[in-house]
Amino acid sequence: MTQKNLMDTFFSVVNDIKKTAFSADIIAPDFHLGGDLGIDSREMLEIWYDLEKAVGVTVPDPEKRDIYTVQDVINVLEAKLALETA
């Protein structure tokens, strides 16, 4: 899965949960999940759950800590996908 596909999947999940219309065209990878996108901790749990299902990976809870930006989420998903395809 390419980084663009991961971004599209991320925004699709976020938009379903938050009822927004975010996209890579208007949101930069360095935007903060809480401050810029307004995602709270409960929503982030839902987002992780849906992302894991959509991408087909499992991210242990400790690896979900210290995730602050859209790019941080994409990096974690890419790393998990790389491990599963190796």
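**Exercise 1. Thr-2**

Task: In this predicted model, state where Thr-2 lies, and which backbone nitrogen the side chain of Thr-2 reaches.

Solution:
1. Thr-2 belongs to the segment before α1.
2. The relative accessible area of Thr-2 is 44%. Buried requires under 20% and exposed over 50%, so Thr-2 is partly exposed.
3. The side chain of Thr-2 comes to 3.1 Å from the backbone nitrogen of Asn-5.
4. As for Glu-52, Thr-2 is 50 residues from Glu-52 in sequence, and the two C-alpha atoms are 16 Å apart in space.

**Exercise 2. Asn-15**

Task: Is Asn-15 buried or exposed, and with which side chain does the side chain of Asn-15 make a polar contact?

Solution:
1. Asn-15 sits in helix α1, which covers residues 3-18.
2. Its relative accessibility is 16%. The limit for buried is under 20%, so Asn-15 counts as buried.
3. Residues up to four places away in sequence are set aside; Asn-15 then touches Thr-20, Ala-21 and Phe-22.
4. With Thr-20, the contact is polar and runs side chain to side chain at 2.7 Å.
5. With Phe-22, the backbone oxygen is the partner: this atom lies 2.8 Å from a polar atom of the Asn-15 side chain.

**Exercise 3. A salt bridge in helix α1**

Task: Asp-8 and Lys-4 meet in a salt bridge. Explain how the two are placed in helix α1, and give the exposure of Asp-8 and of Lys-4.

Solution:
1. The N to O distance between the side chains of Asp-8 and Lys-4 is 2.9 Å. The cut-off for a salt bridge is 4 Å.
2. Asp-8 and Lys-4 are separated by about one helical turn, because they are four residues apart in helix α1.
3. Asp-8 has 35% relative accessibility and is therefore partly exposed.
4. Lys-4 has 57% relative accessibility and is therefore exposed.

**Exercise 4. Salt bridges beyond helix α1**

Task: How many salt bridges does the model hold, which parts does the Lys-80 and Glu-63 pair tie together, and which residues are linked in a network with Lys-64?

Solution:
1. The count comes to six salt bridges.
2. One of them joins the side chains of Lys-80 and Glu-63, with 3.0 Å from N to O.
3. Lys-80 lies in helix α3 (residues 70-85), while Glu-63 is in the loop between α2 (41-55) and α3, so the pair ties together parts 17 residues apart in sequence.
4. Lys-80 is buried because its relative accessible area is 11%, whereas Glu-63, at 36% relative accessibility, is partly exposed.
5. Asp-61 and Lys-64 also meet in a salt bridge, at 3.4 Å from N to O.
6. Glu-52 joins Asp-61 and Lys-64 in a network of salt bridges.

**Exercise 5. The largest pocket**

Task: What is the volume of the largest pocket, which residues line it, and how is the lining divided by class?

Solution:
1. The largest pocket holds about 210 Å³ of space.
2. The lining residues include Leu-33, Ile-39, Met-44, Leu-45, Trp-48, Ile-67 and Tyr-68.
3. Gly-34, Asp-40, Ser-41, Asp-61 and Lys-64 also line the largest pocket.
4. Sorted by class, the lining has seven nonpolar, two polar and three charged residues.
5. Two of the lining residues, Asp-61 and Lys-64, take part with Glu-52 in the salt-bridge network of Exercise 4.

**Exercise 6. Three loop residues**

Task: What is the phi of Lys-19 and of Asp-66, and with which residues is Thr-69 in contact?

Solution:
1. Lys-19 is in the loop between α1 and α2. Although Lys-19 is not a glycine, its phi is positive, about 60 degrees.
2. Lys-19 is exposed, because its relative accessible area is 69%.
3. Asp-66 is in the loop between α2 and α3. Asp-66 is not a glycine either, and has a positive phi of about 60 degrees.
4. At 58% relative accessibility, Asp-66 is exposed.
5. Thr-69 lies in the loop between α2 and α3. With a relative accessible area of 12%, Thr-69 is buried.
6. Once neighbours within four places in sequence are left aside, Thr-69 is in contact with Pro-29, Asp-30, Phe-31, His-32 and Leu-33. Of these contacts, Leu-33 is also one of the residues that line the largest pocket.

Conventions
Residues numbered from 1 in each chain as written. Predicted model: local features only at pLDDT ≥ 70, side-chain atom pairs only at ≥ 80, totals over all residues. Heavy atoms only, no water. Buried < 20%, exposed > 50% of the residue type's maximum accessible area, 1.4 Å probe, protein only. Polar contact = N/O pair within 3.5 Å; in protein donor to acceptor, adjacent residues only side chain to side chain. Contact = heavy atoms within 4.5 Å. 1 Å grid on protein atoms, 1.4 Å probe; cavity = no way out; pocket = protein on both sides within 12 Å on 5 of 7 lines; lining within 4 Å. Points joined across faces, edges and corners; volume = space filled by probe spheres on them. Nonpolar A, V, L, I, M, F, W, Y, C, P; charged D, E, K, R; others polar.
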